[in-house]
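Thanks for making time this morning; I would like to walk you through one model, beginning with the overall make-up and then turning to a few of its helices. Please have the structure open as I speak.

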Amino acid sequence: MSQLDLLRERLRAAGAKPSHERRVLRLWAQALPQDSGKRAIDDFLPRQLRDALPAIVAELGGLARIASRHPAQDGSVRLLLGLADGQTCESVLLPRGGLCVSTQIGCAVGCRFCMTGRDGLLRQIGSAEIVAQVALARTLRPVKKVVFMGMGEPAHNLANVMEAIEFLGTAGNIGHKNLVFSTVGDQRVFERLPLGPVKPALALSLHSTRSDLRAELLPRAPRIAPADLVEAGHRYARATGYPMQVQWTLLAGVNDTAEEVEGLVRLLKGRYAVLNMIPYNSVPDLPFRRPAWETAVALARELHAKGVLTKLRNSAGQDVDAGCGQLRARGLERGQEAPLSRPPDAGGVGKVFSITFSSGTSCGPPSSGVGGI
Ligand code: SF4
């Protein structure tokens, strides 16, 4: 049974009828006090539930707590969150009402440029823990957009992520196109996403148009040819009416080559897609380098001139160890956590080249918009 289902069961055991259950969960997801709302709590909730409510609210608050916060100059705030079992994960408050959430502790994809992937997958983040990241962020700032680009590969925790998306798109009052499912590309995603009542926008973490290089950079991503991934993403984008976001973590000397420009033009020109190019956040222990900003600008201009809608995005909070998983890794070094087991806006689709100072982790969310590995 999922965490959200357990929560509903808990409410029912305390005497909640479906309408009571919806009210309590809606107020939680929107970070509103339980005694707010049009109808007075005493007139609406049964006595038994009112008596149980303080304990239930405390349990909800315990799903995710702020362990540390790290504001950056660009307006983003990285949060290291402690979960009830002592594990930690990261969320990022993005400028203009965005929030990047984590879906797994660790990650099995093992991207070579990512701290999160280094130790593999430790555990899944439950559906209520995902919603709790949003509820917690809303106690700090309004949240109108949620990108699933923090720690973890959402496709590897598909049931929980889709349950959270459906909850956030209804009780959570977040517009469906403002829920952004980010993936390295997995057949199950292309099958599942069109089926639900809430269809999120799609961000595809591509990083290379060459199958061999992509397999090297994303060693345990499904082996689907880049052209086929783009085709599947494009089909979904057409079906939903939201452009596909293609994420590209720009690595100096690796995927900033003329061959990749040619490949991107071949795959993306004329597609219902926007390319989010995010210069890599250098991480001390990893061998990749961030390209010069001028190089990134020139590359984005060239792609634009060749017909690919490109947004060059700066990563959020570069001054605060911005790479996905870095805060958690740093916390572990300091003994902030005792693990239980092992251990940035897509905008339109016109041919526009723009530079956006927004946010992006290694997993890659642009703040105003979208995007991520
Ligand atoms: S970049 Fe994303 S998909 Fe890749 S290892 Fe890191 S968390 Fe996983």
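What you have in front of you contains 12 helices and 13 strands, and I should say at once that this is a predicted model. Of the 373 residues in the protein, 53% are buried.

Let me take a pair of helices to begin with. In general, two packed helices are described by the angle between their axes and the distance between the axes. Helix 5, residues 127-138, packs on helix 6, residues 158-168, at an angle of about 45°, and the two axes lie 8 Å apart. That angle makes helix 5 oblique to helix 6, and the crossing between helix 5 and helix 6 is right-handed. On the helix 5 side the contact is made by Ser-127, Ile-130, Val-131 and Val-134, while helix 6 brings Asn-160, Val-161, Glu-163, Ala-164, Phe-167 and Leu-168. Sorted by character, the residues of this contact are 7 nonpolar, 2 polar and 1 charged.

Now please move along to helix 9, residues 226-240, whose 15 residues should span 21 Å at 1.5 Å a residue, and the end C-alpha atoms are indeed 21 Å apart, which agrees. Which residues of helix 9 are buried? They are Pro-226, Leu-229, Val-230, Ala-232, Gly-233, His-234, Tyr-236 and Ala-237. These buried residues pack against several elements, including helix 7, helix 8 and helix 10, as well as strand 9, strand 10 and strand 11. Just after helix 9 comes Gly-241, which takes a positive phi of about 85°.

Key
Residues numbered from 1 in each chain as written. Predicted model: local features only at pLDDT ≥ 70, side-chain atom pairs only at ≥ 80, totals over all residues. Axes fitted to C-alpha atoms, helices over the stretch in contact; angles between N-to-C directions. Helix = DSSP H or I, 4+ residues; strand = E, 2+ residues; numbered from the N terminus. Parallel < 35°, antiparallel > 145°, perpendicular 65-115°, else oblique. Left-handed = near helix turned anticlockwise from the far one by under 90°. Contact = placed C-beta atoms within 7 Å. Nonpolar A, V, L, I, M, F, W, Y, C, P; charged D, E, K, R; others polar. Buried ≥ 20, exposed ≤ 12 C-beta atoms within 10 Å, placed from the backbone. Expected span 1.5 Å × (residues − 1).
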